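Biologist: I would like a close look at one part of this model, taken piece by piece. Please give the cut-off behind each term as you go.

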Amino acid sequence: GKNDGSCWYARVEASAEHFLDVSSWPADQIVQQIVADRIHIAVNINGFTKGSRNEIFALRCAPLQVQFLGFPGTMAAPWIDYLIADPVSAPPEMHACYGEPLALMPHCMVPTDHMQ
């Protein structure tokens with residue numbers, strides 16, 4: 001998203017080796033940049049939520065595209081190769097309901113910062 005002036009935005013920007021704010025760019029320009037930067041894995045953290053940019057993934061911006069964290073349900077979209085989940089967010093008895101293969105974390109898929 002756009003720079004909101006928050007400490008979280010600044011923290012993400014500072015921790016990245018390379019950072020581009022592409023929030024105002026059209027999808028095709030973002031895809032061209034991803035391809036030019038030779039990014040091999042694209043991670044969709046919005047899914048079908050507000051502010052998502054699924055058109056970037058639909059244009060197949062990277063060879064491997066995964067869904068993670070922000071939308072724990074199935075995308076059932078041909079442009080998502082895997083859903084990263086865990087036994088709580090994707091119970092074994094529901095695996096057949098997912099439209100993409102599951103990459104299951106053994107314990108919990110939610111990263112946290114215990115220092116906060």
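Modeller: The sheet comes first, then the pocket that shares a strand with it.

This is a predicted model, in which local features need pLDDT of at least 70 and side-chain atom pairs pLDDT 80 or more, while totals for chains, interfaces and linings use all residues. Residues are numbered from 1 along each chain as its sequence is written, and side-chain values use heavy atoms, without hydrogens and water.

Start with the overall layout. Four strands make an open sheet, in the order β1-β2-β3-β4, with parallel pairing. Strands here are DSSP runs of E, at least two residues long, and helices are runs of H or I, at least four, numbered from the N terminus. Two strands count as paired if DSSP finds at least two bridges between them. The edges belong to β1 and β4 (102-104). Each has a single partner strand, so one side of each lacks a neighbour in the sheet. From one strand to the next, the twist averages 30°; axes are lines fitted to C-alpha atoms, and angles run from 0 to 180 degrees between N-to-C directions.

Now cross the sheet strand by strand. β1 and β2 run parallel and are joined by four bridges. V43 is in strand β1, and V66 in β2 stands opposite V43. V43 is partly exposed because its relative accessible area is 43%; buried means under 20%, exposed over 50%, and partly exposed in between (1.4 Å probe, protein chains only). V43 and A27 are 16 residues apart along the chain, and their C-alpha atoms are separated by 15 Å.

Strand β2 (residues 64-68) is mostly covered, with four of its five residues buried. One residue to look at in β2 is Q67. Its relative accessibility is 0%, so Q67 counts as buried. Q67 and L83 are 16 residues apart in sequence, yet 4.7 Å apart in space, C-alpha to C-alpha.

Three bridges pair β2 with β3 in the parallel sense. V66 has Y82 as its bridge partner in β3. Strand β3 (residues 82-85) then pairs with β4, again parallel, over three bridges. There, I84 stands opposite A103 in β4.

Back to β1, for the pocket. The largest pocket holds about 1500 Å³ of space. A pocket is an open set of points on a 1 Å grid over the protein atoms alone, where a 1.4 Å probe fits with protein on both sides within 12 Å along at least five of seven lines; lining residues have an atom within 4 Å of a point. Its volume is the space filled by probe spheres set on the points, which are joined across faces, edges and corners. Of the 34 lining residues, G1, F19, L20, V22 and I45 are the closest to the centre. Elements giving two or more residues to the lining are α1 (7-15), α2 (27-36), β1 (41-44) and α3 (54-58). β1 gives the largest share, four residues. By type, the lining divides into 19 nonpolar, 10 polar and five charged residues; Ala, Val, Leu, Ile, Met, Phe, Trp, Tyr, Cys and Pro count as nonpolar, Asp, Glu, Lys and Arg as charged, and the others, Gly among them, as polar.

F19 also belongs to an aromatic pair with Y9, edge-to-face, at 5.6 Å centre to centre and 80° between the planes. Rings of Phe, Tyr and Trp (its six-membered ring) pair if their centres lie within 6.5 Å; planes under 30 degrees apart are stacked, over 60 edge-to-face, the rest tilted. Y9 sits in helix α1, and F19 in the loop between α1 and α2. Y9 is buried at 12% relative accessible area, whereas F19 is partly exposed at 33%.
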